[in-house]
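This explanation goes through a single structure, beginning with one side-chain contact and moving on to the helices, the largest pocket and a few single residues. Please keep the sequence and the model in view while reading.

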Amino acid sequence: MSDPDASATASSPDTTPAIEAVQALGLEHEVTRHGRVNSLAEAAAARGIEPRDLVKTIVVRRGGDDHVFVLVPGDREFSWPKLRALLGVSRLSMPDAATAREVTGYERGTITPFGATHPWPVIADASLVGRRISMGGGGHGVGITLEADAALAALGAQVADVTE
C-alpha cells in the first residue's frame, strides 16, 4: 500500500493524480519518492529495483488528436514496426513535450496512464506480464510500484510484443 508518511522532497509532491487514481482503483501499491534523477538507471537504483522493472510510459500519436500510451520495460526500446503493425497504421509519431503534457496532464519524465487527463488506450509489452514493476507516479521523483498484472488489468491494457 502507499505510505502516506513517506518523506517528500520539494520536487516530489505528497500526492498526484496518478497516486489518487491507483488508490481509487484499490490497487495494492507502494509509493517511492526520491527526488529528480538524471537517468533511468539512476531512477531504478533510487527505487531499489532493476532497470528492467522500471516501466517507461511513452505517448505515441496515431494522428490528429489520437494517442496511445505504450508501456515498455526500462531495459528495452519499443519497436516502431511492431507498434505500427499492431495498430494497423503506416505512420506514428511522438508528440513534442508541450503536446505530451497537453494530452496527458503530465510532464515528460512523469507520464503515466494512471490519472492522465485523457484515458488513451494502453499497450503494454508482453514481457511485463507476471512481474512487479515500478511506473512513473505523476511527479518528478515519484514512483508507483505494483503488480504488473493488476495494473494492466485496471488500465484495460492490450498486451503484445512491441519491443526489441
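The side chains of Asp53 and Arg131 are joined by a polar contact of 3.0 Å. The model is a predicted one, and the distance is computed from its atoms. Asp53 sits in the loop that runs between H2 and E2. Is Asp53 buried or exposed? Its relative accessible area is 16%, and the limit for a buried residue is under 20%, so Asp53 counts as buried. Leaving out residues up to four places away in sequence, Asp53 touches Arg131, Arg132, Ile133 and Ser134.

The loop of Asp53 starts from H2, and this helix can be taken next. Within H2, the residues Ala43, Ala44 and Arg47 are buried. Viewed down the axis of H2, these buried residues fall within an arc of 100 degrees, so they line one face of the helix. In an α-helix there are 3.6 residues to a turn, so residues three or four places apart point the same way. The partners against which the buried residues of H2 pack are strand E1 (29-33), E5 and strand E6 (142-147). Just after H2 comes Gly48, which has a positive phi of about 70 degrees.

H1 can be read in the same manner. Its buried residues are Ala18, Ile19, Ala21 and Val22. They cover an arc of only 160 degrees around the axis, and therefore lie on the same side of H1. E1 and E6 are the strands against which the buried residues of H1 pack. A glycine with positive phi again comes just after the helix: Gly26 follows H1, with a phi of about 70 degrees.

The segment before helix H1 (17-24) contains Thr16. Thr16 has a relative accessible area of 3%, and is therefore buried. A polar atom of the Thr16 side chain lies 3.1 Å from the backbone nitrogen of Ile19, and Ile19 is itself one of the buried residues of H1. Beyond residues up to four places away in sequence, Thr16 touches Gly137, Gly138 and Gly139.

Helix H4 (residues 97-104) has Ala100, Val103 and Thr104 as buried residues. Seen along the axis of H4, they fall within an arc of 85 degrees, so they line one face of the helix. Which exposed residues does the face turned away from the buried side of H4 carry? They are Ala98 and Glu102. On the buried side, the residues of H4 pack against E2 and strand E3 (66-73). At the start of H4, a side-chain oxygen of Asp96 comes to within 3.2 Å of the backbone nitrogen of Ala98. After H4 comes Gly105, with a positive phi near 85 degrees.

E2 was named as a partner of H4, and Ile58 is a residue of this strand. Ile58 has a relative accessible area of 14%, and is therefore buried. Apart from its neighbours within four places in sequence, Ile58 is in contact with Val68, Phe69, Val70, Val72, Phe78 and Met94. Val89 is 31 residues from Ile58 in sequence, and the two are 18 Å apart, C-alpha to C-alpha.

E2 also takes part in the largest pocket. Rolling a probe the size of a water molecule over the atoms shows where empty space is left. The space in the largest pocket comes to about 650 Å³. There are 30 lining residues, and those closest to the centre of the pocket are Lys56, Thr57, Arg108, Gly109 and Thr110. Two or more lining residues are given by each of helix H2 (40-47), strand E2 (55-63) and strand E5 (132-136). The largest share, 5 residues, comes from E2. By class, the lining is made up of 14 nonpolar, 11 polar and 5 charged residues.

The last residue to visit is Ser127, in the loop between strand E4 (122-125) and E5. With a relative accessible area of 23%, Ser127 is partly exposed. A polar contact of 2.5 Å joins its side chain to that of Asp125. Not counting residues up to four places away in sequence, Ser127 touches Pro73 and Arg76. From Ser127 to Ala21 there are 106 residues in sequence and 24 Å in space, C-alpha to C-alpha.

Notes
Residues numbered from 1 in each chain as written. Predicted model: local features only at pLDDT ≥ 70, side-chain atom pairs only at ≥ 80, totals over all residues. Heavy atoms only, no water. 1 Å grid on protein atoms, 1.4 Å probe; cavity = no way out; pocket = protein on both sides within 12 Å on 5 of 7 lines; lining within 4 Å. Points joined across faces, edges and corners; volume = space filled by probe spheres on them. Helix = DSSP H or I, 4+ residues; strand = E, 2+ residues; numbered from the N terminus. Nonpolar A, V, L, I, M, F, W, Y, C, P; charged D, E, K, R; others polar. Buried < 20%, exposed > 50% of the residue type's maximum accessible area, 1.4 Å probe, protein only. Polar contact = N/O pair within 3.5 Å; in protein donor to acceptor, adjacent residues only side chain to side chain. Contact = heavy atoms within 4.5 Å. Arc of directions from axis to C-beta.
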